[in-house]
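Colleague: I should like a close look at the sheet in this model. Please describe how the strands are ordered and what packs against them.

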Amino acid sequence: MDHETIGSEDWDELILNLEATIPVYDRINRFATIGQVDKWRRMVRARLPSEDAKILEVGCGPGSFAEDVSGVDLVCLDPSVLMLEAAKPRVNSKRQERGDSEVEFVQGKAEELPFEDNSFDGTCSLFSFRDWYDKRAGLGEVLRVLKPGAKVVIVDPAKMNRIHGVLGWFWMRFWVGAYARIICGVKDHPWKWLTKTYVTFGTTRDYVRMMEDVGFENVAAKVVFPGMATIWEGRKPES
Ligand SMILES: C[S@@+](CC[C@H](N)C(=O)[O-])C[C@H]1O[C@@H](n2cnc3c(N)ncnc32)[C@H](O)[C@@H]1O
């Protein structure tokens, strides 16, 4: 496992562990981010196109972000059937209340997106990018399915440097880990895996470079909360 790739056995185990977090996902997420996660989700929504846009969320998980996306056509993709099953009733009941169209839920991976070229007006990925087993390939696929000029928005906890990584490890391993153990009620709780992906995830600059290498333009990153949330944005070139 490094800041670009996760081996296939590790990735399979990661997915199983992520699935085990479904019942407590939102609770622990709020704790781990000191209640900031909802604000970061709003920041991503504000950066996405609205008004008749077709948006893809890659790695929708249990629907924590998707449930509050309104006024656009939304497609939610995740490799985990269990995640999609958790997300579907939650997201669609909220959308129905608001009069939004039903979301299309698709099983798939960032690295092999099952969509035509130039399909979306925007894509987003929240706390999922660090789980992609081949981040460069996934970004390439995102670029392919975006329409010319359309935007990608990603949020995940990048580090500033190695020292920052060590501090983050303590935070995740002991503070968040202890809370997760209490909430999950088991010693070998699944949150442990999130520490692994957190530790191997790269710096804000690593992924700015990767997005530029893959072919995005106007790439920008904002460190919203050091070690907890960086928001990256980029556009597919017009031609
Ligand atoms: C921590 S959850 C994030 C859920 C949600 N996006 C949110 O805002 O909280 C990460 C999700 O990414 C998905 N994921 C992991 N690897 C992926 C990949 N290669 N392509 C797409 N999604 C992936 C996982 O199945 C999981 O549901």
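Modeller: The account below begins with the sheet and proceeds to the helices and the core. This is a predicted model, in which local features need pLDDT of at least 70 and side-chain atom pairs count only at pLDDT 80 or more, while totals for chains, interfaces and linings use all residues. Residues are numbered from 1 along each chain as its sequence is written.

The sheet is open and mixed, with seven strands in the order 3-2-1-4-5-7-6. Strands (E, at least two residues) and helices (H or I, at least four) are DSSP runs numbered from the N terminus, and two strands pair if DSSP finds at least two bridges between them. Strand 3 (104-107) and strand 6 (217-225) form the edges, each pairing on one side only. From one strand to the next, the twist averages 15°; axes are lines fitted to C-alpha atoms, for helices over the stretch in contact, and angles run from 0 to 180 degrees between N-to-C directions.

Strand 1 (residues 54-58) and strand 2 (residues 73-78) run parallel and are joined by five bridges. Within this pairing, Glu57 stands opposite Cys76. Helix 4 (residues 81-98) packs on the sheet, touching strand 2 and strand 3, and its direction makes about 175° with that of strand 3. Helix 8 (residues 204-214) also packs on the sheet, where it touches strand 6 and strand 7 (229-235), at about 160° to the direction of strand 6.

Ala87 touches Cys60, Gly61, Pro62, Gly63, Ala66, Cys76 and Phe105, not counting residues up to four places away in sequence; contact requires C-beta atoms, placed from the backbone, within 7 Å.

Terms used:
Contact = placed C-beta atoms within 7 Å.
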